[in-house]
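Visitor: I have a few questions about this protein. May we go through them one at a time?

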Amino acid sequence: MAAERDSHRSASRWRARAASGSTTAASGAHASTEADRARGPERAIDRSKVEVRRSARRSRTVSAYREGDRTVVLIPARMSHAEEQRWVAQMLDKLAAQEKRRVLGDEALQARAAELSGLYLGGRAEPEQVRWVTNQNSRWGSCTPSERTIRLSHRLQGMPEYVVDYVLLHELAHLLVPDHGPRFWALLDAYPRTERARGYLEGVASAARLPHIPGARNT
């Protein structure tokens, strides 16, 4: 019974760590067995979109994040190839689940637009409609000022929240300034993650030959 209680406590600690931004990799055969049970059957991984970075300074934790259209997985240098494969698959599943939870519906997207307008545009940008569309393959978002409507490409779904916020704010700004001149970029200067979000989208566009961000900024 003592061994069973220890096993339950260990599993509970692992689940708590997996819910955070990084996961601690257990060592030995017990860790491999637990990982196998948690993940189920092996599945194929597209290694061309995954970069594994080993670190001698990383002793136990495993973490992952998106970088453009790639996934970067950080693991301890001592980890075996088999352990690496298991943890890569696990972290890909974890990121996918997190991104799925981040997708907003049209109603929530409209509410977020109002919030962003209030935070960064003084509440002056008031769209009549904000929604996702699946027919925009040459741009990330679009705005029709005359109709006060904004449409975001479904390709943004699952991207980091700050990236979606940037594209949404970009289109909101077009309700106030239709072009990409200095007045337009001055509006976006209020958003602290503008350059970071643009860099993310340009990385995705370059790697996957997706639409580039409209309007080169004049500096």
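Guide: Start with Gln110. Leaving aside neighbours within four places in sequence, Gln110 is in contact with Pro127, Glu128, Gln129 and Val130. Bear in mind that this is a predicted model.

Visitor: In which helix does Gln110 lie, and is Gln110 buried, partly exposed or exposed?
Guide: Gln110 lies in helix α4. Its relative accessible area is 25%. Buried would need under 20%, and exposed over 50%. Gln110 is therefore partly exposed.

Visitor: How far apart are the C-alpha atoms of Gln110 and Glu126?
Guide: Along the chain, Gln110 and Glu126 are 16 residues apart. In space, their C-alpha atoms are separated by 9.9 Å.

Visitor: Step back to the whole fold. What pattern does the protein follow along the sequence?
Guide: There are seven helices and seven strands in the protein. Read along the sequence, they follow the pattern α-β-α-β-β-β-α-α-β-β-β-α-α-α.

Visitor: What share of the contacts with a separation of 6 or more comes from residues 24 or more positions apart?
Guide: The protein has 219 residues, and 40% of them count as buried. Among contacts with a separation of 6 or more, residues 24 or more positions apart account for 52%.

Visitor: What is the accessible surface of the protein?
Guide: Carbon and sulfur atoms hold 50% of that surface. The total comes to about 12200 Å².

Visitor: Which element supplies the largest share of the largest nonpolar core?
Guide: That core has 33 residues, and Leu152, Leu156, Leu168, Leu172 and Leu201 touch the most other members. At least two residues each come from α4 (106-120), β5 (129-133), β7 (149-153), α5, α6 (182-188) and α7 (194-208). The largest share, nine residues, comes from α5.

Visitor: How many residues does the other core have?
Guide: Another core lies apart from the one just described. Among its members are Val50, Val62, Val73 and Met79. Its size is 11 residues.

Visitor: What span should helix α5 have, and what is the distance between its end C-alpha atoms?
Guide: Helix α5 covers residues 161-174, which makes 14 residues. At 1.5 Å a residue, the helix should span 20 Å. Its end C-alpha atoms agree with that, at 20 Å.

Visitor: How many residues of α5 are buried?
Guide: The helix is mostly covered. Of its 14 residues, the buried ones number 13.

Visitor: How is α4 oriented relative to α5?
Guide: The two helices pack with their axes 10 Å apart, at an angle of about 70 degrees. Angles of 65 to 115 degrees count as roughly perpendicular. So α4 is, relative to α5, roughly perpendicular.

Visitor: Which residues of α5 make the contact with α4?
Guide: On the α4 side, the contact is made by Leu109, Arg112, Ala113, Leu116, Ser117 and Tyr120. On the α5 side, the residues are Asp165, Leu168, Leu169 and Leu172.

Visitor: Is Ile150 buried or exposed?
Guide: Ile150 is found in strand β7. Beyond four places in sequence, its contacts include Val130, Cys143, Leu168 and Leu172. Its relative accessible area is 0%, so Ile150 is buried.

Visitor: How far apart in space are Ile150 and Glu128, C-alpha to C-alpha?
Guide: In sequence, Ile150 and Glu128 are 22 residues apart. C-alpha to C-alpha, the distance in space is 8.2 Å.

Visitor: What is the phi of Arg148?
Guide: Arg148 has its place in the loop between β6 (141-144) and β7. Its relative accessible area of 26% makes Arg148 partly exposed. Most residues other than glycine have a negative phi. Arg148 is not a glycine, yet its phi is positive, at about 55 degrees.

Visitor: Is Lys94 buried or exposed?
Guide: Lys94 has its place in helix α3, residues 81-102. Its C-alpha atom is separated by 9.1 Å from that of Ala64, 30 residues apart along the chain. Its relative accessible area is 15%, and the cut-off is under 20%. Lys94 is therefore buried.

Note on methods. Residues are numbered from 1 along each chain as its sequence is written. This is a predicted model: local features need pLDDT of at least 70, side-chain atom pairs count only at pLDDT 80 or more; totals for chains, interfaces and linings use all residues. Side-chain values use heavy atoms; hydrogens and water are left out. Helices (H or I, at least four residues) and strands (E, at least two) are DSSP runs, numbered from the N terminus. The expected span of a helix is 1.5 Å times one less than its number of residues. Buried means under 20% relative accessible area, exposed over 50%, partly exposed in between (1.4 Å probe, protein chains only). A nonpolar core is a set of buried Ala, Val, Leu, Ile, Met, Phe, Trp, Tyr and Cys residues joined through side-chain atoms within 4.5 Å. Contact means heavy atoms within 4.5 Å. Accessible areas come from the Shrake-Rupley method with a 1.4 Å probe; for residues, only the protein chains shown count as cover. Axes are lines fitted to C-alpha atoms, for helices over the stretch in contact, and angles run from 0 to 180 degrees between N-to-C directions. Angles under 35 degrees count as roughly parallel, over 145 as roughly antiparallel, 65 to 115 as roughly perpendicular and the rest as oblique.
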